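Student: I should like a close look at a single part of this structure, namely the surroundings of the ligand. Which residues surround the ligand, and which are the closest?

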Amino acid sequence: MTIFEKIIKREIPSYIVYEDDLVIAFLDISQVTKGHTLVVPKKPYVNVFELDDNTAAHLFKVVVKVSKALKKAFNLEGLNIVNNNGKLAGQAVFHYHIHLIPRYPNDDFLMKGVNHNSEYTKEDFLKLKELIINAQS
Ligand code: AMP
């Protein structure tokens, strides 16, 4: 059982900011930035690849609701929505969750990506596009 199931079952303490039958949201213990919150389906899906459509749809409604609450509570000008899937992507708790990370001027939160556009031709993009479209069926 993951630590999030223990939170859902009230076996360990947490700071719950939203709850309904399917979804719970609570403060992330690390508080990467002030108000850092996790939105979690109660059913212990491991990652995005396991989520069913209904849960995903409802979960994202809650993401929007809690994001708006964070914006109002902390007068936010920025918010990152992050979800790590798999150890390689930085997932540490293997119960699906979405991070809501409020942003403040000069906070020390980093998300680094390198632009590799110059390494791709138009044909490369077309091939990638086809692979992804074909994989949807
Ligand atoms: P991830 O790396 O995406 O799997 O994120 C897991 C998150 O869970 C981290 O940001 C942790 O700080 C957070 N976390 C771990 N234990 C707890 C806990 N008991 N209560 C709240 N958040 C937790």
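Tutor: The ligand is surrounded by 16 residues, and the closest are Asp-28, Gly-90, Ala-92, His-97 and His-99. The model is a predicted one, and every value below is computed from it.

By chemical class, the shell around the ligand consists of nine nonpolar residues, six polar residues and one charged residue. Two elements of secondary structure, helix H1 (3–8) and strand S2 (23–27), each contribute at least two residues to this shell. The largest share comes from H1, with three residues.

Polar contacts to the ligand may be taken one at a time. The side chain of Asp-28 places an N or O atom 2.5 Å from an oxygen atom of the ligand. In the side chain of Asn-84, an N or O atom is 2.8 Å from a ligand oxygen atom. Val-93 takes part through its backbone, where an N or O atom lies 2.9 Å from an oxygen atom of the ligand. As for area, the ligand taken alone exposes 510 Å², of which the protein buries 81%.

Among the closest residues, His-97 merits separate attention. His-97 sits in the loop between strand S4 (78–82) and strand S5 (98–103). His-97 has a relative accessibility of 6%, and therefore counts as buried, the cut-off for that class being under 20%. The side chain of His-97 also reaches the backbone oxygen of His-95, at a distance of 2.7 Å. Apart from neighbours within four places in sequence, His-97 is in contact with Phe-4, Leu-38, Val-39, Val-40, Val-82, Asn-83 and Gln-91.

One of those contacts, Phe-4, leads back to helix H1 and to the aromatic rings. A pair of aromatic rings is described by the distance of the centres and the angle of the planes. Across the whole structure, a search finds two aromatic pairs. Phe-4 and Phe-26 form one that is edge-to-face, with 5.3 Å from centre to centre and 70° between the planes. This pair links distant parts of the chain, as Phe-4 belongs to helix H1 and Phe-26 to strand S2, 22 residues apart. Phe-4 and Phe-26 are both buried.

The rings of Tyr-120 and Phe-125 have their centres 5.7 Å apart and their planes at 45°, so this pair is tilted. Tyr-120 is located in the loop between S5 and helix H3 (122–134). With a relative accessible area of 40%, Tyr-120 is partly exposed, and Phe-125 is likewise partly exposed, at 42%. Beyond its neighbours within four places in sequence, Tyr-120 is in contact with Phe-125 and Leu-128.

Returning to helix H1, Glu-5 also lies there. The relative accessible area of Glu-5 is 18%, so Glu-5 is buried, given a limit of under 20% for that class. Not counting residues up to four places away in sequence, Glu-5 touches Pro-44 and His-95. His-95 is also the residue whose backbone oxygen is reached by the side chain of His-97. From Glu-5 to Asn-85 there are 80 residues in sequence and 18 Å in space, C-alpha to C-alpha.

Finally, these local details may be set within the chain as a whole. Three helices and five strands make up its secondary structure, and along the sequence they follow the pattern α-β-β-β-α-β-β-α. Taken along the principal axes, the C-alpha atoms fill a box of roughly 50 × 40 × 25 Å. The chain has 137 residues, of which 34% count as buried. Of the contacts with a separation of 6 or more, 50% involve residues 24 or more positions apart. The area exposed by the chain is about 9,600 Å², and carbon and sulfur atoms supply 57% of it.

Technical notes. Residues are numbered from 1 along each chain as its sequence is written. Side-chain values use heavy atoms; hydrogens and water are left out. A residue is near a molecule or strand if one of its heavy atoms lies within 4 Å of it. A polar contact is a pair of N or O atoms within 3.5 Å; within protein, one must be able to donate a hydrogen and the other to accept it, and residues adjacent in sequence count only if both atoms are side-chain atoms. Accessible areas come from the Shrake-Rupley method with a 1.4 Å probe; for residues, only the protein chains shown count as cover. Helices (H or I, at least four residues) and strands (E, at least two) are DSSP runs, numbered from the N terminus. Ala, Val, Leu, Ile, Met, Phe, Trp, Tyr, Cys and Pro count as nonpolar, Asp, Glu, Lys and Arg as charged, and the others, Gly among them, as polar. Buried means under 20% relative accessible area, exposed over 50%, partly exposed in between (1.4 Å probe, protein chains only). Contact means heavy atoms within 4.5 Å. Rings of Phe, Tyr and Trp (its six-membered ring) pair if their centres lie within 6.5 Å; planes under 30 degrees apart count as stacked, over 60 as edge-to-face and the rest as tilted.
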